[in-house]
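This report concerns one residue and the pocket beside which it is found. Please keep the sequence and the structure in view while reading.

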Amino acid sequence: MADPRAVLTGLVMGESVRWHDDRLWFCDWGAGSVIRVDAGRPTVVARVRGLPFCIDWLPGGALLTLDGPAARLLRDGADYADLSGIDGVHPWNDIAVDSRGNAFVNNIGYDFPGGTPAPGLIAVVTPDGKARQVADDLLFPNGMAVTPDDATLIVAESHGARLTAFDIAPDGTLTHRRVWADLPGDAPDGIAIDATGAVWYASVPARHCRRVREGGEVLATVALPDGAFDCAITADQQTLYAVTADYTDPQAMVTGATGRLFEIPLVPA
């Protein structure tokens, strides 16, 4: 595994890193931008007001954007689902879509960062655009990912220091909740599942990306110079991407430009 290399600088706060259609995509929350990277060059493909907001794609290729403050899910920029009936007060955070078109979205459950911590939840938006709650009592639900076989949803509980898994029914119902990996002393944020079924997770306070298998065994750790917010792995499994920012100054995270996108070449398994 080679050392991380900064490929983009001057970001405000990068999040929601995705590998899609053989290209890297991510959101710059502070700039209100959805960005696609083509041959190392960033292109702004959409603008979003407010934060948090995250992205994923429906099976047919439509871009879903989760507009957290407005409690709504957008499909190619148009209204797709209203989440305010489930929670219209607290911020919606991350999104993960399965191949059936079920879009899982999570809600932090309190006014982060100034509010008193409280449990969050997960909702599913089915292909007809209808939303319903499918899980609760999550300690700051953050990054999420669906396994390639559509069988399992894995969610990072940042305040719970763990990755939690659910079985996914065809209609998006979540069952058989279980701890996928305990991560004592850490705070997982964005996650990505690799081809072996292991999970890479980013950690802001620990300033690293770490690869773990189910049960919690640590397989690899990549140290980064600043807080790591999210990560994604390329389809060929050769490269990990991560976004970082200086998290020690909360104001700089929304008005500064300390954010960077890192490229980490991986040794084949």
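The text below describes a residue and its contacts, and then a pocket, in a predicted model.

**Arg18 and its surroundings**

Arg18 belongs to strand β2, which covers residues 14–20. Is this residue buried or exposed? Arg18 has a relative accessibility of 11%, and because buried means under 20%, Arg18 counts as buried.

Two distances describe the polar surroundings of the Arg18 side chain, as the table shows.

| Partner of the Arg18 side chain | Part of the partner | Distance |
|---|---|---|
| Asp94 | side chain | 2.9 Å |
| Ile95 | backbone oxygen | 3.1 Å |

Both Asp94 and Ile95 also appear among the residues that Arg18 touches, when residues up to four places away in sequence are not counted. The others in that list are Arg23, Leu24, Trp25, Ile55, Asp56, Trp57, Asp230 and Ala232.

**The largest pocket**

The largest pocket has a volume of about 800 Å³. Its lining consists of 32 residues, and those closest to the centre are Arg18, Trp19, Asp56, Val97 and Val146. Asp56 is thus named twice: Arg18 touches Asp56, and Asp56 is one of the residues closest to the centre of the pocket.

Which strand gives the most to this lining? Strand β2 does, with four residues. At least two residues each come from β2, β6 (53–57), β10 (92–97), β14 (141–146), β18 (188–193) and β22 (227–233).

By character, the lining of the largest pocket divides into 20 nonpolar, five polar and seven charged residues.

Key: Residues are numbered from 1 along each chain as its sequence is written. This is a predicted model: local features need pLDDT of at least 70, side-chain atom pairs count only at pLDDT 80 or more; totals for chains, interfaces and linings use all residues. Side-chain values use heavy atoms; hydrogens and water are left out. Buried means under 20% relative accessible area, exposed over 50%, partly exposed in between (1.4 Å probe, protein chains only). A polar contact is a pair of N or O atoms within 3.5 Å; within protein, one must be able to donate a hydrogen and the other to accept it, and residues adjacent in sequence count only if both atoms are side-chain atoms. Contact means heavy atoms within 4.5 Å. On a 1 Å grid over the protein atoms alone, a cavity is a set of points where a 1.4 Å probe fits but cannot get out, and a pocket is an open set with protein on both sides within 12 Å along at least five of seven lines; lining residues have an atom within 4 Å of a point. Grid points are joined across faces, edges and corners, and a volume is the space filled by probe spheres set on the points. Ala, Val, Leu, Ile, Met, Phe, Trp, Tyr, Cys and Pro count as nonpolar, Asp, Glu, Lys and Arg as charged, and the others, Gly among them, as polar.
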